[in-house]
Amino acid sequence: MDPAPAGKQLRGATGGPEVMEPTLEGKGKEGKKASSRKRTLAEPPVKGLLQPVKLSRAELYKEPTNEELNRLRETEILFHSSLLRLQVEELLKEVRLSEKKKDRIDAFLREVNQRVMRVPSVPETEEILQDKDGLNQRYFRKRALYLAHLAHHLAQDPLFGSVRFSYTNGCHLKPSLLLRPRGKDEHLVTVRLHPCPPPDFFRPCRLLPTKNNVRSAWYRGQSPAGDGSPEPPTPHYNTWVLQDTALESHLQLLSTMLGSAQGLKDGVALLKVWLRQRELDKGQGGLTGFVVSMLVVFLVSTRKIHTTMSGYQVLRSVLQFLATTDLTVNGISLCLSSDPSLPALADFHQAFSVVFLDSSGRLNLCADITASTYHQVQHEARLSMMLLDSKADDGFQLLLMTPKPMIRAFDHVLHLRPLSRLQAACHRLKLWPELQDNGGDYVSAALGPLTTLLEQGLGTRMHLLAHSRPPVPEWDISQDPPKHKDSGTLTLGLLLRPEGLTSILELGPEADQPEAAEFRQFWGSRSELRRFQDGAIREAVVWEAASMSQKRLIPHQVVTHLLALHADIPETCIHYVGGPLDALIQGLKETSSTGEEALAVAVRCYDDLSRLLWGLEGLPLTVSAVQGAHPVLRYTEVFPPTPVRPASSFYEPLRERSSLLPRPDKPCPAYVEPMPVVCHLEGSGQWPQDAEAVRRVRAAFQLRLAELLRQQHGLQCRATATHTDVLKDGFVFRVRVAYHREPQILREVQSPEGLNSLRDTPASLCLERDTRQLPLLTSVLHGLQQQHPAFSGVARLAKRWVRAQLLGEGFTDESLDLVAAALFLHPEPFTPPSSPQVGFLRFLFLVSTFDWKNNPLIVNLNNELTVEEQVEIRSSFLAARAQLPIMVIVTPQDRKNSVWTQDGPSAQILQQLVVLAAEALPVLEKQLMDPRGPGDIRTVFRPPLDIYDVLIFLSPRHIPRHRQAVDSPAASFCRGLRSEPGPSSLMPVLGYDPPQLYLTQLREAFGDLALFFYDQHGGEVIGVLWKPTSFQPQPFKASGTKGRMVMFQGGELVMVPNVEAILEDFAVLGEGLVQTVEARSERWTV
């Protein structure tokens, strides 16, 4: 009997992403002004925002009662904290059946029992079964016939709304009958009828794992050989018979051990939730709730769990046991008997991958669980124990409320289909005994050898291999049962090791070693003799991979080669999902690379320039530090820059300034963005103490810097009062001289009385951010990329998606980089991503489920924040919530102010991103898990344009980054770059992007009436949303008529937007750039 599915029960607890109210505004310019005013009236709390409980003085200092003291003592002993106790108790309320439902289920069970007993012509078991029915599937066939007879009669009974067949734990020899009540209780309960023989009907000695009960001649349809050759053992077949004989005794044992101990029952419920969230109980061969219940019984019998423990303690004890006990090596047993006739554990280890014996000592409860599945359980248990030991505030949420579907938990996934191909694999691998044992189930027979083969081949590239077999669907009693080939797809998940993933070499033994022949046999034609630098001649396999993205997909080459070589499974039957999203961050004509190599070239060029700056001679002050401050230098620029060599035909040269001017008759030239570099000079008493004087001294240093770089290194430079642009090897760096005390000088404010005080000003904060915080963040994230090579791809995919939704200008580069960094520094309950694909899926999940309103996102860079400091940060966040931005990201260097989200996003923009991420995630996961192929992977990157009031379509001729669009055009315009290599002495046009300049003009002219959205990476459309207050009539003012018209309303002159004129102005402002302006008139009215 099964209660309603756990997924349905949990849905109310997990819920969707919380909808944020737009009342909590981000702190833009208006927000800052409002927050600086003194509040004279008490403001109502923001809806949905957590508020501290207010107690009177008497309540606050009231002595605790004995009951409260006992509960506190109990919480301290049994739980980590009061919060965890409350969370666990709430979850148990959700999954526990109410008394009303129990009564309805009990009533239905009594009715079922009466109906079954009244079925006509049902003979006694002894009349049906015979002594040798354990042989050659006779028992299972009689069992199925008995069940069909019951089904035929029960289906005519009006009590049942549904009578269907299903396989028991996926075993096709053991169908069970599913009965559901008619009416409103149809989804409340499902009763499974399992026909069972009497407990002592079959002789146990015949069903040992070393015995054979399926004769080879019978199975193959041949006449007996008669040569006396030994029959192969059939341990799985024997186990399936034993399971039916022991079913009643197992239920009695569970009832005796768990029935009166509420803590044990709660622990089992929590364990079932834990398994369900990780999909470990899914499909055939999963770790079922029954097995984990028996494991609790075992731990009680060995006194590792006590009956007085709480559910949380039981959960923790079982996870600790699973994390530290390898049942594939050292099996366990509930049997206390010392009977010498019982088989030894070694006999079971020889027959099964995982061993856990019941109290009889003859039945392996884990017979259907593969070694891969158990190792996955162990892996998850270790991760869970680390999470519990960390005592994190969100530990409960991560442990029991966060789903871990395979596509989000594993770096790469592959689908094998059609399953009928595994028949050929069984023949090639000579798995006749396994097929005989599994009753012809070629999927189960081939699964173990295939996973062992792939584990050996992937070796150090892989941390864990898991498999998933979808549960066989139910079928109507009038239909034929599903065949093996109809049971869906076999899916394998690969959890990769970043340190071994990108090696192109499989190093074998030396040629004269006996292992060399085995190596050649395993790798086939891919193995070849090679001489290495140390003089050794070894067998080796070399994989074809030039770029980082190709190296990440070497497991694909390994898998397809080994399955074709050893299992006769061709590449056409393997759908490998490892890099379909790579196309979104591939540059122009770069189909084999995702840009890591181009980023590395730019970083090396920066390193060279840094050394030149350090070594400059002739500067009045020594350079004390050189720091990069651009996404390229932390490997997170979506499309990395390439060396620029301008073609003179596209420009008019300005010789007096050694500059170029775009020609109006040519398409817009390529977009070139200078990379900021901060050059710190040493402190000196000669520096002035006046802000304006410091600016003038810095301007002199900028000019001197350009002069020395030209003289000593022949670099093309252009100096201004604030920076020096340097052209080196086709890259442009914007070098900015910095003096460490300048922010302090800008903080000095003089009162009317002449007193000096220190106060943050917009200028000091901006300078502090640009010259200290941004270079430091760039340096730390550069280090993170060295530790986790997938960080670059994840951050770039995340930014590409946000900008493709036309929301990029609401989020700074740095804020999105930090969200991506959080996936690597705080991956719980996962491990850090080793592929951009899985990292991007987790980015969508984090954005859509994180409670941005009530929690700061803490990104613990370099692990500098202690647990205590993080608790303090959360407390201070709640106390100051109303003054903080809607999206708060905290780092060790920025613990209070959330520097990178101060200017955005607004609450509405963040809410839109949350909604879009929640919609995109299931669509993309479904595409990636589709065994027929993902289809159009760009679907989730295309923005929804139907939400906008006005669409402004732009001419591709004047979009410099047109080829970076999500749907890259088949052809575009030449952008004035020379294709031949060689140095260029011409400084290219910097930062020239007509759509961005047009957007700036639109916001300046109409920012009070509308919001404008655009994808900077080649977008051809600007989305316009009218502000809700735009169409409210305003009192007439002669100075405020811009974009408005005057009309009479209620006898008064009022102003309302002149929409037709505004739309005309949109086109006039963008003349030459704008193609059409499309008004969605049904979405707005004047």
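In the next few minutes I will walk through several parts of this structure, which is a predicted model.

Let me begin with the sheet that carries strand β1. The sheet is open and has four strands in the order β3-β2-β1-β8, with antiparallel pairing. Its edges are formed by β3, residues 191-193, and β8, residues 475-476, and because each of these has a single partner strand, one side of each is left without a neighbour in the sheet. If you follow β2, residues 171-181, across to β3, you will find the two strands paired in the antiparallel sense over three bridges, and within that pairing L177 has L193 of β3 as its bridge partner. Helix α6, residues 99-117, packs on this sheet and touches β1, β2 and β3, with its direction making about 30° with that of β3. Helix α8, residues 138-154, also lies across β1, β2 and β3, and runs at about 20° to β2.

One residue of this sheet that I would like to point out is S162, which lies in strand β1, residues 160-168. Is S162 buried or exposed? The relative accessibility of S162 is 12%, and because the cut-off for buried is under 20%, S162 counts as buried. Setting aside the neighbours within four places in sequence, the contacts of S162 are L178, L179, R180 and E186.

Next, a second open sheet, again described by its strand order. This one has four strands in the order β7-β9-β6-β13, with antiparallel pairing. The strands at the edges are β7, residues 462-468, and β13, residues 574-577, each of which pairs on one side only. On average, and with direction ignored, neighbouring strands of this sheet are turned by 20° against each other. Inside the sheet, β6, residues 412-416, and β9, residues 490-496, pair in the antiparallel sense over five bridges, and V413 has G493 in β9 as its bridge partner.

I will turn now to the strands from β17 to β20, where the pairing has both senses. Strand β17, residues 675-681, is joined to β20 by seven bridges, and these two run parallel; here L681 has Y739 in β20 as its bridge partner. Strand β19, residues 724-728, is joined to β20 by five bridges, but in this case the strands run antiparallel. Along that pairing V726 stands opposite F733 in β20, and L727 has V732 in β20 as its bridge partner. β19 and β20 form a hairpin with two residues between them, and D729 in the turn has a positive phi of about 55°. On the other side of the chain, so to speak, β18, residues 716-719, is joined to β19 by four antiparallel bridges, with R718 opposite D725 in β19, and β18 and β19 likewise form a hairpin, with four residues between them.

How much of these strands is covered? For β20, residues 731-739, seven of its nine residues are buried, while for β19 five of its five residues are buried. In β19, T724, V726 and K728 point one way and D725 and L727 the other way, and all are buried.

Helix α13 is another covered element. It spans residues 311-324, has 14 residues, and reaches 20 Å from its first C-alpha to its last, close to the 20 Å expected at 1.5 Å a residue. Since 11 of the 14 residues of α13 are buried, the helix is largely enclosed by the rest of the structure; among the buried ones are Y312, V314, L315, F321 and L322.

Then there is Q805, which sits in the loop between α29, residues 791-804, and α30, residues 813-825. Which residues does Q805 contact beyond its neighbours within four places in sequence? They are L916, V940, F941, R942, P943, P944 and Y948. Q805 and P944 are 139 residues apart in sequence, yet 7.4 Å apart in space, C-alpha to C-alpha. The side chain of Q805 also reaches the backbone oxygen of V940 at 3.2 Å, and Q805 is buried, with a relative accessible area of 3%.

Finally, a word on the cysteines, with the cut-off in mind that a disulfide needs two cysteine sulfur atoms within 2.5 Å. By this rule the count of disulfides is zero. Two cysteines have quite separate settings: C605 is buried, at a relative accessible area of 3%, whereas C766 is partly exposed, at 30%.

Technical notes. Residues are numbered from 1 along each chain as its sequence is written. This is a predicted model: local features need pLDDT of at least 70, side-chain atom pairs count only at pLDDT 80 or more; totals for chains, interfaces and linings use all residues. Side-chain values use heavy atoms; hydrogens and water are left out. Buried means under 20% relative accessible area, exposed over 50%, partly exposed in between (1.4 Å probe, protein chains only). Contact means heavy atoms within 4.5 Å. A polar contact is a pair of N or O atoms within 3.5 Å; within protein, one must be able to donate a hydrogen and the other to accept it, and residues adjacent in sequence count only if both atoms are side-chain atoms. The expected span of a helix is 1.5 Å times one less than its number of residues. Two strands pair if DSSP finds at least two bridges between them. Axes are lines fitted to C-alpha atoms, for helices over the stretch in contact, and angles run from 0 to 180 degrees between N-to-C directions.
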